[in-house]
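Student: Could you take me closely through one buried spot in this model and then show me the chain around it? I'd like the cut-offs as we go.

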Amino acid sequence: MSEHSSPLTHAELVLFRFIQIMILHVAVREFIRGLDNRAVYMMVFSGVITVGMILSFWVKTKQVLIATMSIVSAMLLFKLITTFPGNSNHFYVELFTSLAILMVLSGPIDEKRKSIFRDYIMWLIVIVLAGSGIQKYLAGTYHNTAFMAYKVFSDPDFHDFYYMFDPAEARRIALQSTDEPFAFQNPFLRIMTISIPAVEILAGLLLLFNRTRVLGALVGIATLIGIEYVAKELMFGAIFCFMMCFQLPDRIFLRLIPLFIVIYILLTGLTLFVPSFIFN
Amino acid sequence: MNNRTLHIVLASIAIIWALWLPVHRFLVVKYDANPWKGAGMAMYTNPHSFDMNLDFYLDGIQIDIQSGDFTNSAKRDVNKFRVFRKHMGSMIKPDKLAYRLLEESRADMMILSIQLGRLNTGTGKFEIERETFTFHESNAPKSVAAPEQ
């Protein structure tokens, strides 16, 4: 039996699926950016790694994934240098994940290796979730609701979201002068805003323990869906949601793979056919 | 890479990143670094509205100098300074750029003004802080201001 037709072990299957969706994410993101900036080279890059990703479903060896992830990592490192210090925080999640994948692929894949990588992804999620929650409290703009009230004033997406809960309050803030303090008066909106960082920290903490990891992933996914509904950072939302699904039991994670393929196809379709729908 | 080495390397990346967050917070507070950038996970904490203007003077009178009056290299330096200053705050000093621009222009004085808009955490008001830097050609370091022979 030739090597490329040999069946994958369970650990290989799980890790390969994670890597394939990671490549798909970068491919779709670069395709969308290439389209926005009319940058042909980005779309060519997207096409090349998409071919690598598709090929990896047939040729069941890690060599195809190593080659494709090497291209992805090289591109991300190039981007780090050329756009520093304006790189988004989300970019670093992709970079640290891609580099880790290359390291994981550098040796034989077994259950132990899969477990090390899964723990690493869990720590990245904890840093992002709990870290951003703590930063929000330290910044001092959540206990007084100033930041969210300012977003309602300055960002139509945030205005529309808060309008659903209290139209009068959202209208009042939208019409206020910049000289006045930004704050919600509605107690429900105040509690909702103040609790955002708490939920982020809670989801991060729940992920830390084996017993509560699945609950943490579910709380994190729910929080993320809520945040991205307003912030519309759908590309980050998709990959971060996927990383949290990686914390679920393998059989559930593997069943969710087609869903993420559909999500990325939908995001590409939205860009191509509904240009008025803007997202990051 | 064996599993033990992999474990150590990946754990190191995660630990270094976790330790970076308080350092990033310090840079935001101390140097007005951009909370939205720099892997500090402090996005959605405070707006960071940045703007900067360059005004040129000759014998005390403001003169009109367009970006086309500068070499492409100087224009690139202005854009680079704008980006780095926006994201890294006062860690990036304007002196070198300022004397370079004075050298290339007919002006003898330049005022760089930087506006940073963000929420005052005490009052909840959106405030714009202005910082101005004045540079005179006569104060330029000799290595920069001296005309090329």
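Tutor: Let's begin with a term: a polar contact is a pair of N or O atoms within 3.5 Å; within protein, one atom must be able to donate a hydrogen and the other to accept it, and residues adjacent in sequence count only if both atoms are side-chain atoms. This is a predicted model, in which local features need pLDDT of at least 70 and side-chain atom pairs count only at pLDDT 80 or more, while totals for chains, interfaces and linings use all residues. Residues are numbered from 1 along each chain as its sequence is written, chains are lettered from A and ligands numbered from 1 in the order written, and side-chain values use heavy atoms, with hydrogens and water left out.

Now find A:Glu200, which sits in helix H9, residues 187–207 of chain A. Helices here are DSSP runs of H or I with at least four residues, strands are runs of E with at least two, and both are numbered from the N terminus. A:Glu200 counts as buried because its relative accessible area is 4%; buried means under 20%, exposed over 50% and partly exposed in between, with a 1.4 Å probe and protein chains only.

What does this side chain reach? It comes to 3.4 Å from the backbone nitrogen of A:Gly133. A:Gly133 is also one of the residues in contact with A:Glu200 (heavy atoms within 4.5 Å) once neighbours within four places in sequence are set aside. On that list, A:Gly133 is joined by A:Leu129, A:Ala130, A:Ser132 and A:Lys136, and further along the chain by A:Thr223 and A:Ile227.

Let's step back to the chain around this glutamate. Chain A holds 12 helices and 0 strands, so along the sequence its pattern is α repeated, α-α-α-α-α-α-α-α-α-α-α-α. Burial is shared widely: 53% of the 280 residues count as buried. Of the contacts in chain A with a separation of 6 or more, 66% link residues 24 or more positions apart.

As for overall dimensions, the C-alpha trace spans about 70 × 50 × 30 Å along its principal axes. The radius of gyration of chain A is 21 Å, which agrees with the value near 19 Å for a compact globule of 280 residues; this radius is taken over C-alpha atoms, and the globule rule is 2.2 Å times the number of residues to the power 0.38. On the outside, chain A has an accessible surface of about 12500 Å², and 70% of it belongs to carbon and sulfur atoms; the areas come from the Shrake-Rupley method.

How values were computed. Accessible areas come from the Shrake-Rupley method with a 1.4 Å probe; for residues, only the protein chains shown count as cover.
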